[in-house]
Amino acid sequence: MNRRHALVTGANRGIGRAVAAELRARGMALTVTARDPAAASDTAADLGPDVRARQLDVTDPGSVGTAAADVGPVDVLVCNAGVLLDGGTGPLTTPLDLVEETLRVNLLGTWRVLQAFVPGMIRRGWGRVVVVSSGTTAEFGGALFAGAPGYSLSKSALNGLTTLVAGQTAGTGVLVNAVNPGRVRTRMMPRTTTPPEVPARFIADVASLPAGGPTGQFLTERHLPR
Ligand SMILES: NC(=O)c1ccc[n+]([C@@H]2O[C@H](COP(=O)([O-])OP(=O)(O)OC[C@H]3O[C@@H](n4cnc5c(N)ncnc54)[C@H](OP(=O)(O)O)[C@@H]3O)[C@@H](O)[C@H]2O)c1
């Protein structure tokens, strides 16, 4: 059988890079993407000689379109790219330009990437999509985090988007889920202890779900059978 081809956004550092390494270790063909082309190339070179690199800025329609046209069929898509710009603010004081930029990257950027890659998965009858969300969201029994209101709302909207796209892919062989990686030590959360390799294993599990697995869900590690 041909190897599944995985593509990860924001794969040059943090959780995205660890997920890319984990998917490759599991035998997938891999394209790493980053908004800085040199960062994408350096990451690919570090991860292995067979790893491909593409520039992909989720906020730039031309960049996403070119990447989608260049890389060929993608079976596994990890929408990881994201920003946290309004930490330490509050709903009544947060600068709305920060909220606007957050929504542009986290919500609209992810949406753009889903529009670029999911229709091909549906046509081919197989796909696994993982949207990296957050525990700061209100759906599925959670609560929004007032200390990063734009970020929280952007991730809540991503959970909603995940359910909408999963509705479109129902019965097609394409599973679409959002994940909560927990608190992870990256440039975004430097004072946390859990290294990105820990959620990377769980995210790779969601990217490798068997046929008939969950779809349209917001998954944490405890949801998956061990
Ligand atoms: N760390 C946590 O505790 C935690 C918890 C919950 C959810 N998350 C989520 O996990 C994901 C990864 O975050 P992280 O913790 O690994 O943070 P990170 O180290 O700051 O990585 C963020 C990644 O997103 C990329 N990115 C930002 N804007 C982009 C754009 N316009 N186009 C393409 N890529 C872009 C960054 O690229 P550059 O290097 O070019 O900036 C970087 O590769 C995010 O969606 C985040 O919200 C993280």
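Tutor: On a 1 Å grid over the protein atoms alone, a cavity is a set of points where a 1.4 Å probe fits but cannot get out; a pocket is an open set with protein on both sides within 12 Å along at least five of seven lines, and lining residues have an atom within 4 Å of a point. By that rule, this structure has one cavity of 30 Å³ or more. The model is predicted, so local features need pLDDT of at least 70 and side-chain atom pairs 80 or more, while totals for chains, interfaces and linings use all residues. Residues are numbered from 1 along each chain as its sequence is written, and side-chain values use heavy atoms, without hydrogens or water.

Student: What makes up the lining of the largest cavity?

Tutor: Thr9, Val58, Cys79, Asn80, Ala81, Gly109, Thr110 and Val113 line the largest cavity, and its volume is about 30 Å³. Helix α4 gives the largest share, three residues. The lining holds four nonpolar, four polar and no charged residues; Gly109 counts as polar because Gly is put in that class.

Student: How do you know which space the ligand takes?

Tutor: A molecule sits in a pocket if more than half of its atoms lie within 2 Å of its grid points. By that test, the ligand takes the space of the largest pocket. Helices α1 (14-25) and α5 (149-169) each give two or more residues to the shell around the ligand.

Student: How big is the largest pocket, and what surrounds its centre?

Tutor: The largest pocket has a volume of about 1,200 Å³, and of its 47 lining residues, Gly82, Val83, Leu84, Thr186 and Met188 are closest to the centre. By class, its lining has 19 nonpolar, 18 polar and ten charged residues.

Student: Why is the pairing of Thr186 with the ligand called a polar contact?

Tutor: A polar side-chain atom of Thr186 lies 2.6 Å from a ligand oxygen, and a polar contact is a pair of N or O atoms within 3.5 Å, so this pair qualifies. Arg13 also has a side-chain N or O atom 2.8 Å from a ligand oxygen, and a polar backbone atom of Asn80 is 2.7 Å from one. Taken alone, the ligand exposes 900 Å², and the protein buries 94% of that (Shrake-Rupley method, 1.4 Å probe).

Student: Which residues come nearest to the ligand?

Tutor: Among the 28 around the ligand, Asn12, Asn80, Tyr151, Val184 and Thr186 come nearest. "Near" here asks for a heavy atom within 4 Å. The shell divides into twelve nonpolar, ten polar and six charged residues.

Conventions:
A polar contact is a pair of N or O atoms within 3.5 Å; within protein, one must be able to donate a hydrogen and the other to accept it, and residues adjacent in sequence count only if both atoms are side-chain atoms. Helices (H or I, at least four residues) and strands (E, at least two) are DSSP runs, numbered from the N terminus. Grid points are joined across faces, edges and corners, and a volume is the space filled by probe spheres set on the points.
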